[in-house]
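This report describes one protein chain for a reader who has the sequence and the model at hand. Please consult both while reading.

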Amino acid sequence: MVSTGLTALASTSFDLKSAVSGMQKMRILCIGNGGGTIPLFLASKIKGAHIDVVEIDEAVISASIKSMGFPSVLKIGTSLQEYFSEDNSSGFHVSESSQIMQKVFWDDIQERVFLNEADGEAYICDSLIHGRHNEKGSLWYDMVFIDAYDGDDIFPYKFRDSNGPFLSALRSKLHPRHGTVIVNLHADSPHPPLQESLTGNYDPGLNPVCPLGRQTLEVARLYRDALQGTCSREAEELGESLLAFTVTVPCLANVTLVITRGFSPIGINQYGRGLFKEIETSCCFSEGLVLEKLLSDSQRVHELFNLHFDCSQYVRRGFFIVR
């Protein structure tokens, strides 16, 4: 999710380099905390990042702090204070030595990551939450990560309800020029076995390039349509447009959906830019050009973040433009 999301953001006009150095503010929302690896990675790598984390399940929050190393020194919502009571009435006590160690390790990010126990839909619909405000006072997020499932491991209906308030609020609070949304989805079509995924030798009939089943594709198209925005004249002159694509997650039956506003054709040759305008049609050559541009941007992300892995592999695998 992180590799593809940052690559998509790097393909827009957003100055990611300045955000990494702390010269520019960057607003990020994570709906679903899990073990907290995504917000901690982003906060440690992007000095200008301000990250709001929303988790509805108190058991997940407790487990992430007790067992997965999520720092308890971070600023938290009032409803979470019970996890850090001085007595042990909440079943969880943070010792003084543990607090000191966590402060040493996480001191540089504790003012930039906010963990909140809340419902994702209610939180993003609340106009009082943190974020970058435009001239009308509306909140804008530069990136939004959605990795949330209910107790039955089902992507909540309220996050895919075309008539519900969640998608409407997400549309209005996503930066209109470069806002990027990354969604973790379960694939609803067969994936190759692990050994075949590792070796690349697939049985006949399997299509590892496009594993989207009907429901996954419907959700992808729903998000693409819901997040369409009105392009500014400057964006139109630069040829920027919304791009929605999916990639498969290695060794897992998951699909990462990425929607980015303001995908820029800069870097694609002049002949290719003409073809790029056909991106919403079935032009396969355009898909190749877009992937080539994203792979180039993934290399910039790799160098900018000094990563110890090649993030282009996560962009390339099963790449599919949602049309």
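Ser 312 belongs to helix H13, which covers residues 312–316; helices (H or I, at least four residues) and strands (E, at least two) are DSSP runs, numbered from the N terminus. The model is a predicted one, in which local features need pLDDT of at least 70 and side-chain atom pairs count only at pLDDT 80 or more, while totals for chains, interfaces and linings use all residues. Residues are numbered from 1 along each chain as its sequence is written, and side-chain values use heavy atoms, with hydrogens and water left out.

Is Ser 312 buried or exposed? Ser 312 is buried, because its relative accessible area is 7%; buried means under 20% relative accessible area, exposed over 50%, and partly exposed in between (1.4 Å probe, protein chains only). When residues up to four places away in sequence are not counted, Ser 312 touches Leu 295 and Ser 298, where a contact means heavy atoms within 4.5 Å.

A second serine, Ser 172, lies in helix H7, residues 165–173. Ser 172 is partly exposed, with a relative accessible area of 41%. Between the C-alpha atoms of Ser 172 and Ile 124 the distance is 10.0 Å, and the two residues are 48 residues apart in sequence.

Both serines take part in short pairings of polar atoms, listed below. A polar contact is a pair of N or O atoms within 3.5 Å; within protein, one must be able to donate a hydrogen and the other to accept it, and residues adjacent in sequence count only if both atoms are side-chain atoms.

| Serine | Partner | Distance |
|---|---|---|
| Ser 312 side chain | Asp 310 side chain | 2.7 Å |
| Ser 172 side chain | Ala 169 backbone oxygen | 3.0 Å |

Helix H1 (residues 2–10) is largely enclosed by the rest of the structure, because 9 of its 9 residues are buried. Among them are Val 2, Leu 6 and Leu 9.

The chain as a whole holds 13 helices and 11 strands. Of its 323 residues, 51% count as buried. Among contacts with a separation of 6 or more, 72% are between residues 24 or more positions apart. The exposed area of the chain is about 15400 Å², of which carbon and sulfur atoms supply 53%; accessible areas come from the Shrake-Rupley method with a 1.4 Å probe, and for residues, only the protein chains shown count as cover.
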